[in-house]
Structure formats: C-alpha cells, structure tokens
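Work through the exercises below with the sequence and the structure at hand. Each task is followed by a solution in steps.

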Amino acid sequence: MFWVVLQNVITYSVTMADSLMLGAYDQDALSGAAAVNMIQFIFQNIVVPLAEGAVIIGSQYWAKKLMDPVRNVIWIALKITFATGLLLFVATSLFPGGILSLFTTDAGISAYGQDYLYLIRFTYPLYAITYTLIAATNIAGKARYSFITSGIALITNVAINYTLIFGNFGAPELGIKGAAIGTIVSRVVELVLLILIHAFRIPDLKLFTKSALRTDRALLIDYIKLTWKMLLSGLL
C-alpha cells in the first residue's frame with residue numbers, strides 16, 4: 001500500500017508540474033493548461049476505475065496462482081482503457097475549441113489551451129496504457145517498480161519543462177508548448193520502462209503472449225459488472 005500511495009502521488013504530480021512551472025512563466029499560459037488539465041482530470045477518473053477493476057479481479061486469481069485469468073483481465077482493461085484514450089484523442093483533435101469552451105470562455109486563455117491541447121492529446125492513449133500496466137504491477141505485488149518508473153517520468157518532465165518552457169541551456173523558449181512536450185516525453189519514458197519491467201521483472205505473469213490477447217467472455221462479464229459502478233462513482 002505504501003508504494004501504491006507514493007506512485008499515485010507522483011502520477012498526478014506529472015500534470016501538476018506543468019501547472020506549477022507555467023505559473024512562474026505566464027498566468028494566461030497557466031490558465032490555458034489548467035483548462036486542458038480539467039479534461040485530463042475527468043479522463044483519469046474514467047481510467048482509474050477501469051484499471052482498478054482489473055486489480056480487484058486479477059488479485060484474486062493471482063493469489064490462487066492462476067495466471068491465465070490474470071493475463072486475460074489485464075488485457076480486457078488494456079483494450080477498454082486504450083479505446084477510451086483513443087476516443088478522447090479523436091474528440092480533442094476534431095473539436096478542441098468546443099471542448100475547451102466547457103472550461104473557459106476567455107479567448108486568450110482558450111488560445112493558449114488549444115496550443116497545449118494540440119500536443120497533450122497524444123498523451124491520452126499513452127496514459128491509458130501506462131496506468132493499466134501500473135495496475136498490473138500492483139496485482140503482481142511489484143508496486144515499487146511502478147513508483148520508480150513514475151518517479152523517473154516526473155524527473156524527466158520537470159527537466160524538460162525547465163529547459164523548454166523558459167529556454168534554458170540554449171534551448172528555444174517554447175512556453176506552454178514546452179510543457180506539453182515535457183509531458184509527452186515523460187509518458188513515453190514511463191510506458192517503455194513499464195513494458196520492460198513486465199517483460200523482464202515479472203516473468204511469471206507473461207503478459208505479452210499471444211494467449212493473453214484472448215478475451216474470456218465470463219471474465220469480461222465479471223469485469224463489466226464490477227467496474228460500471230466504480231466508473232459511475234468516479235465520474236460523479
């Protein structure tokens with residue numbers, strides 16, 4: 001539990017780092033990022049219960065050393081969370097101004113927000129996969145690995161933000177776009193590390209096998225029955 005709590009704090013801190021550092025750069029840029037981060041906040045409250053549903057079901061089978069159901073339920077969650085992230089990516093690509101208008105009516109702030117959203121939208125599918133893989137490490141009792149990867153992602157984000165937002169070390173001063181680039185790179189780093197961890201540090205799970213891709217109908221029904229209430233609660 002200790003590692004899970006720390007990991008969740010760091011995961012949310014990646015987004016918070018953008019806001020804190022943009023606040024020192026420009027208040028309108030900060031407000032634009034804050035509007036976009038409301039989209040991320042809602043999205044997180046969809047992804048988290050979808051991933052945690054897999055933890056609840058998968059942990060029961062893990063305790064019985066039944067790996068096939070564990071793999072199957074993780075992949076059920078991966079498919080659903082990724083589809084959700086892809087849907088949000090498409091929606092924010094097609095209607096960026098319309099979606100941002102739900103959170104701000106200021107034209108200047110909306111302009112900053114759209115610059116930020118233009119790049120940050122690529123993190124939505126990445127975050128969906130990443131958080132579900134983090135949930136999978138928790139099932140296997142390896143939460144410390146998730147904490148380490150999220151910590152590296154946070155450090156990467158802060159370093160790139162410092163370089164690109166303010167134009168330090170001879171880099172161009174990109175402002176809010178620099179913050180978005182930092183978040184994208186940190187999410188990619190986190191995802192790659194998690195894939196490597198599952199491939200080489202959690203061999204018992206064998207998550208990346210052809211049989212794992214099969215969807216067990218009974219597990220899918222159990223997963224839906226469990227997660228729809230958690231999802232509704234998160235959205236509310």
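The exercises concern a predicted model and deal with its nonpolar core, its salt bridges and a surface patch.

**Exercise 1. The core**

Find how many residues the largest nonpolar core has, and which helix gives the most to this core.

Step 1. The largest nonpolar core has 56 residues.
Step 2. Those with the most contacts inside this core are Ile74, Tyr116, Tyr124 and Tyr223.
Step 3. Helix α2, residues 27-63, gives the most to the core, with 14 residues.

**Exercise 2. The surroundings of Tyr116**

List the residues that Tyr116 touches, leaving out those up to four places away in sequence.

Step 1. On the lower-numbered side, the list includes Asp18, Ala33, Val36 and Asn37.
Step 2. The list also includes Ile176, Ala179, Ala180 and Thr183.

**Exercise 3. Salt bridges within helices**

State how many salt bridges the structure holds, then describe the pairs formed by Arg71 and by Glu190.

Step 1. The structure holds 3 salt bridges.
Step 2. Arg71 pairs with Asp68, and their closest N and O atoms are 2.3 Å apart.
Step 3. Both residues belong to helix α3 (residues 67-94), where 3 residues, about one turn of the helix, separate Arg71 from Asp68.
Step 4. Glu190 pairs with Arg187 at 3.4 Å, N to O.
Step 5. Glu190 and Arg187 lie in helix α8 (residues 176-200), 3 residues apart, again about one turn of the helix.

**Exercise 4. Burial of the paired residues**

Classify Arg71, Asp68, Glu190 and Arg187 as buried, partly exposed or exposed.

Step 1. Arg71 has a relative accessible area of 8%; buried means under 20%, so Arg71 is buried.
Step 2. Asp68, with a relative accessible area of 43%, is partly exposed.
Step 3. Glu190 and Arg187 are both buried.

**Exercise 5. The pair of Arg214**

Identify the salt-bridge partner of Arg214 and say how exposed Arg214 and its partner are.

Step 1. The partner is Asp216, with the closest N and O atoms 4.0 Å apart.
Step 2. Arg214 is partly exposed, at a relative accessible area of 47%.
Step 3. Asp216 is partly exposed as well, at 23%.

**Exercise 6. A nonpolar patch**

Name the residues that make the nonpolar surface patch of about 470 Å², and classify Leu94.

Step 1. The patch is made by Phe82, Leu86, Val90, Leu94 and Phe95.
Step 2. Leu94 lies in helix α3.
Step 3. The relative accessible area of Leu94 is 57%; exposed means over 50%, so Leu94 is exposed.

Conventions. Residues numbered from 1 in each chain as written. Predicted model: local features only at pLDDT ≥ 70, side-chain atom pairs only at ≥ 80, totals over all residues. Heavy atoms only, no water. Core = buried A, V, L, I, M, F, W, Y, C linked by side-chain atoms within 4.5 Å. Buried < 20%, exposed > 50% of the residue type's maximum accessible area, 1.4 Å probe, protein only. Helix = DSSP H or I, 4+ residues; strand = E, 2+ residues; numbered from the N terminus. Contact = heavy atoms within 4.5 Å. Salt bridge = Lys/Arg side-chain N within 4 Å of Asp/Glu carboxyl O. Patch = residues over 30% accessible without salt bridge, like charges linked within 9 Å, V, L, I, M, F, W, Y side chains within 5 Å. Areas by Shrake-Rupley, 256 points an atom, 1.4 Å probe, with all protein chains shown as cover.
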